[in-house]
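Student: Could you take me through this model by way of a few questions, with the criteria behind each term?

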Amino acid sequence: MRPTQALYGGGAPNGKVGHWLGDWGSFGGEKQKGIIHWGISANRQNSMAGVFNDAIFNTFRRTKAQIFYWLPTMVAGYYLMDWATKRNEYLNSKAGRAEFADEE
């Protein structure tokens with residue numbers, strides 16, 4: 001059985017185990033070629049371009065995708081709270097106290 005990289009001394013390169021990438025956060029290896037990054041200054045961009053249009057359609061799309069997860073729960077919660085409120089009002093009314101007075 002071959003020892004692990006940690007038993008060989010951690011970050012030291014070892015050809016038997018595999019290619020050494022470097023310590024955490026500073027991976028070694030060859031630099032990649034052919035990748036070009038273009039940038040524009042933040043104060044030159046139109047940061048609010050299409051914000052309201054995207055917000056409307058994105059909100060509709062995301063709500064449509066999730067509505068069957070939260071709508072039944074909200075409807076059930078509403079009816080449960082409505083029933084509990086009416087039941088509480090009845091039990092604390094004159095008729096409710098008269099009906100259930102002997103059970104306490």
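The exchange below goes from the whole chain to one helix and then to its side chains.

Tutor: This is a predicted model, in which local features need pLDDT of at least 70 and side-chain atom pairs count only at pLDDT 80 or more, while totals for chains, interfaces and linings use all residues. Residues are numbered from 1 along each chain as its sequence is written, and side-chain values use heavy atoms, with hydrogens and water left out.

Student: What percentage of the residues of the protein chain count as buried?

Tutor: Buried means under 20% relative accessible area, exposed over 50%, and partly exposed in between, with a 1.4 Å probe and protein chains only. The protein chain has 104 residues, and the share of them that counts as buried is 4%.

Student: Where does α1 bend?

Tutor: Helices (H or I, at least four residues) and strands (E, at least two) are DSSP runs numbered from the N terminus, and the protein chain comes to two helices and zero strands. The end C-alpha atoms of α1, a helix of 41 residues, are only 52 Å apart, short of the 60 Å that a straight helix would reach, where the expected span is 1.5 Å times one less than the number of residues. Taking the bend as the angle between axes fitted to the seven residues ending at a position and the seven starting there, α1 bends by about 65 degrees at I67.

Student: How are the rings of Y78 and Y79 arranged?

Tutor: Rings of Phe, Tyr and Trp (its six-membered ring) pair if their centres lie within 6.5 Å, and planes under 30 degrees apart count as stacked, over 60 as edge-to-face and the rest as tilted. The structure holds one aromatic pair. Because the ring centres of Y78 and Y79 are 5.6 Å apart and their planes stand at 75 degrees, the pair is edge-to-face.

Student: Is Y79 buried or exposed?

Tutor: Y79 lies in helix α1. With a relative accessible area of 55%, Y79 is exposed.

Student: Which residues meet in a salt bridge?

Tutor: A salt bridge is a side-chain nitrogen of Lys or Arg within 4 Å of a carboxyl oxygen of Asp or Glu, and by this rule the count comes to one. The two partners are four residues apart in helix α1 (residues 51-91), and are therefore separated by about one helical turn. One partner, D82, is partly exposed at 26% relative accessible area, whereas K86 counts as exposed at 52%. The side chains that meet, at 3.3 Å from N to O, are those of D82 and K86.

Student: How far apart in space are L91 and A101?

Tutor: L91 has its place in helix α1 and is partly exposed, with a relative accessible area of 31%. L91 and A101 are ten residues apart in sequence, and their C-alpha to C-alpha distance is 9.7 Å.
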